[in-house]
Amino acid sequence: MGMSIPLLSFIAAACGGGGETPAPSGGGSNNAKPQAGGALRTGIGVQAGALDPVTVNFEAGLTVLGQSGEYLAWSDKNLELQPRIAESWKPNGDASVWTFKIRQGVKFHDGTPLTAEDVATSINLHADPDNGSNALSVFGTVLKKGAAQATDDQTVKVELEAPNGNFPYLVSSDNYNLIILPKTYDGDWEKTFIGTGPWKLDKYTPEVSVTFTKNPDYWDSSRQPVADTSEIKFYAEEQAKVLGLQGGEVDIINNFSVVGGKALLTDPTILVLEVESSAHRQIHMRTDIPPFNDKRVRQAMALLMDRDALVQGLWEDKASLGNDSPLASVFLSTDTSVEQRALDVAQAKQLLADAGAEDISVELRGWDGFEMPDLAAVIKNQAQQAGISVQLNITNATTYYGESVFGESPWLDSSFGITEYGHRGVPNVTLDAPLTSNGVWNSAHFKNKTYDGLVADYVAALDLQNQKKFSSKMQELLLDEVPIMFLYFYFHLGATKENVTGVEKTGMGHIDLTKTGFTG
Amino acid sequence: MRRFLLRRLVLALVTLFLLSIIVFVSAQVLPGNVARAILGPFADQRAVTALNKELGADRPLVVRYGTWVGGFVQGDLGESFSTRRPVWEVIKPALINSAKLAALAFVLVVPLGILGGVIAALREGRVTDRLISIGGLSATATPEFVWAVVVILVLALWLKVLPVTAAFPAGSGPLVQIRYLLLPAICLVFVLFGYIARMARAGTIEALGADYTRTAILKGLSQRQVLTRHVLRNSLLPTIAVIATQAGYLIGGLVVLEVIFNYQGIGQILFRAAEQKDFPLLQSAVLLVGLVYLLATLAADILYSILNPRIRLQGES
């Protein structure tokens with residue numbers, strides 16, 4: 001809802017158990033075997049709109065889609081693809097055509113068998129600009145309307161606009177709108193929650209909760225739900241969700257921030273689940289106008305940032321260091337041997353002196369969500385070490401994003417701004433849209449043909465080794481050019497009561513509850 | 001009495017009509033793009049254009065106004081942009097929820113406030129009076145979210161006697177619902193007690209000093225008879241007006257409490273509709289809250305006229 005009620009954090013903290021011992025954490029819940037049966041209760045964020053696979057763009061929506069819906073593949077917490085509706089996939093020689101073998105014997109919740117035609121129709125639904133799909137931000141330059149075709153009962157062929165070695169990720173759970181729907185789907189998903197997943201709809205009260213029961217016809221014997229039912233409750237405010245967990249109203253919460261849920265980190269009755277993700281903030285510096293049109297000024301700004309202090313102070317170490325490129329260490333293709341940029345005030349001052357820019361004054365734009373206002377304040381203070389004067393202009397999100405097109409958006413037009421980016425399983429979108437010459441989110445107005453070429457090469461590369469080669473070059477180039485500062489990549493945090501086990505989370509915000517149950 | 005009521009009703013309808021125009025114009029001047037608000041800042045511009053077209057948000061203002069008014073007078077509130085459900089389907093459960101919370105708060109705070117006010121008046125100038133007056137005023141001056149923090153902390157998390165949120169399970173019985181609603185209702189009691197007690201105290205003090213009270217005492221009525229038959233009937237007039245003005249606040253003005261207690265009332269619906277530029281929902285919700293205000297005021301007027309015939313007669317003359 002975007003409302004901030006800081007006092008509630010105080011309550012949560014007051015009831016944090018007072019323990020000094022950090023709660024167990026580390027990517028999964030406790031390792032005990034769950035007892036069969038029981039009713040799971042999970043708290044998630046606000047239902048910010050209709051639960052429509054075409055338009056959903058909020059985390060609570062994708063969490064619900066992933067319960068009764070299924071994707072061609074599941075992008076797991078290690079960013080590896082697990083086959084689901086697609087049994088397997090293969091590209092042609094240059095990765096411009098991908099062929100998916102569709103699993104047989106899968107049924108929708110209404111008993112209709114799933115066919116290759118359903119899969120092709122689902123992909124085409126999102127690729128058609130006339131349908132207003134949120135997934136078009138991923139498919140926009142990748143697929144044309146009608147790109148997917150069912151060539152027989154078991155096969156779907158997808159022709160791409162350009163070679164793309166990571167295409168299976170773009171039709172996996174990473175592109176969360178893309179649950180496979182029946183070809184007859186008419187846009188009324190909230191009435192049925194139709195899908196092929198392990199959970200099927202029992203009861204739905206809009207904006208309040210949705211309860212699922214086991215799908216008796218679920219195809220995967222290894223993923224039959226342990227619990228009898230699973231209720232998902234929507235919370236308008238993060239602190240209410242945190243209190244809901246502490247007060248025993250829910251057993252699991254799928255997501256909390258360090259800012260809003262710090263108490264959970266030290267509550268001995270809570271198990272914290274953390275998954276490394278590629279979610280981050282981008283601090284763009286416009287490369288085409290002063291003061292950041294001189295590369296040395298951008299480099300100086302990046303050298304003034306104390307990333308270790310940011311990760312510790314803003315994230316309680318629940319984040320990894322950023323190195324001024326979207327290639328987070330979590331990505332399989334990232335070259336982790338590239339030297340990490342570190343705080344160096346003396347070098348920053350020298351660079352500013354060389355650039356004749358010792359008396360800079362610049363406005364930093366941003367919006368009042370998450371930890372971003374705190375981040376802006378830290379940037380202001382750290383820039384001051386070298387005499388750079390930063391004036392903060394923090395507004396609401398609507399003002400900051402404006403119309404989201406160049407010329408009508410402080411996000412895309414400002415010299416210096418902070419923008420939030422969510423997790424992706426592959427860096428294709430974040431390498432392209434905010435950084436290539438024609439990128440639609442290129443707030444830094446960065447135009448570099450070498451970089452554009454490297455992105456095209458990376459996207460087309462089929463094997464990890466080649467992707468790593470191009471990643472390494474892009475990382476070095478961006479580290480030198482610094483159109484955008486990437487200071488950290490924060491973890492996706494969730495939490496459960498201590499008697500809950502078997503929760504699988506992903507950096508995207510999906511939560512797999514099939515193996516979840518109570519230990520006693 | 002009939003003419004008085006008719007006049008009040010006509011005035012209420014005129015106010016509602018004016019409100020509808022203000023609501024529509026205000027909703028339209030909110031900056032931003034409907035489809036962009038729904039799909040988010042990173043959505044492809046083609047998707048935004050397509051969705052605006054589908055929702056009819058790209059049509060000229062006059063056409064949209066005509067459609068809205070035409071539908072509204074026929075009882076069709078239209079379809080919510082963000083939830084894609086009929087507006088009435090979205091508003092109805094929220095309105096019922098708000099009414100439940102408001103009713104519980106009223107049931108608790110009205111007798112408590114009046115009782116507190118009367119006791120303070122009877123003990124005017126003494127410790128009890130000061131305790132009630134200053135205590136009530138302090139409680140009222142404290143923001144509702146602070147009370148929310150206190151009651152959650154004490155009653156839900158430390159003593160564990162009440163649930164942390166007000167979102168009662170679907171299908172639960174009246175007693176369970178009341179249990180869930182008690183925490184926000186207690187906050188409202190703190191917030192409203194001071195207002196009501198203060199008005200009841202002032203009215204009672206005035207009535208106690210009036211000639212008719214002295215006459216009643218002199219003719220030998222017991223203290224209870226004097227209080228119930230003469231003092232209370234007169235002292236409650238200003239209190240009723242205060243209570244009526246709080247009805248609208250209780251239905252549509254509890255955004256913060258509803259968010260803290262995760263309760264789906266009309267306040268949250270209004271807030272989200274404004275945030276998401278969901279004009280059909282926003283317009284109808286504001287109008288309905290306005291209607292509640294008008295009805296509460298009308299009810300207060302009627303009650304006022306029943307208790308005080310002079311008002312009714314003035315209206316008729």
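**Surroundings of A:Ser443 and the internal cavities**

Leaving aside residues up to four places away in sequence, A:Ser443 touches A:His284, A:Arg286, A:Trp411, A:Leu412, A:Ser414 and A:Pro434. These contacts are described for a predicted model, in which A:Ser443 lies in the loop that runs between helix 15 (428–432) and helix 16 (449–460) of chain A. With one of the residues it touches, A:His284, the side chain of A:Ser443 also forms a polar contact, computed at 3.2 Å. The relative accessible area of A:Ser443 is 2%, and because this value falls under 20%, the residue is classed as buried.

A further comparison concerns A:Glu70, which is separated from A:Ser443 by 373 residues in sequence and, when the positions are taken from C-alpha to C-alpha, by 34 Å in space.

The empty space inside the model was examined as well. Rolling a probe the size of a water molecule over the atoms reveals where such space is left. Three cavities of 30 Å³ or more were counted in this way, and the largest cavity has a volume of about 110 Å³. Its lining is made up of 15 residues, of which A:Gly66, A:Gly69, A:Trp74, A:Arg84 and A:Arg223 are the closest to the centre of the cavity. Several elements of chain A contribute to this lining, since helix 2 (59–68), strand 2 (73–75) and strand 22 (511–512) each supply at least two of the residues. When the lining of the largest cavity is sorted by class, seven residues are nonpolar, whereas four are polar and four are charged.

Technical notes: Residues are numbered from 1 along each chain as its sequence is written. Chains are lettered from A and ligands numbered from 1 in the order in which they are written. This is a predicted model: local features need pLDDT of at least 70, side-chain atom pairs count only at pLDDT 80 or more; totals for chains, interfaces and linings use all residues. Side-chain values use heavy atoms; hydrogens and water are left out. On a 1 Å grid over the protein atoms alone, a cavity is a set of points where a 1.4 Å probe fits but cannot get out, and a pocket is an open set with protein on both sides within 12 Å along at least five of seven lines; lining residues have an atom within 4 Å of a point. Grid points are joined across faces, edges and corners, and a volume is the space filled by probe spheres set on the points. Helices (H or I, at least four residues) and strands (E, at least two) are DSSP runs, numbered from the N terminus. Ala, Val, Leu, Ile, Met, Phe, Trp, Tyr, Cys and Pro count as nonpolar, Asp, Glu, Lys and Arg as charged, and the others, Gly among them, as polar. Buried means under 20% relative accessible area, exposed over 50%, partly exposed in between (1.4 Å probe, protein chains only). Contact means heavy atoms within 4.5 Å. A polar contact is a pair of N or O atoms within 3.5 Å; within protein, one must be able to donate a hydrogen and the other to accept it, and residues adjacent in sequence count only if both atoms are side-chain atoms.
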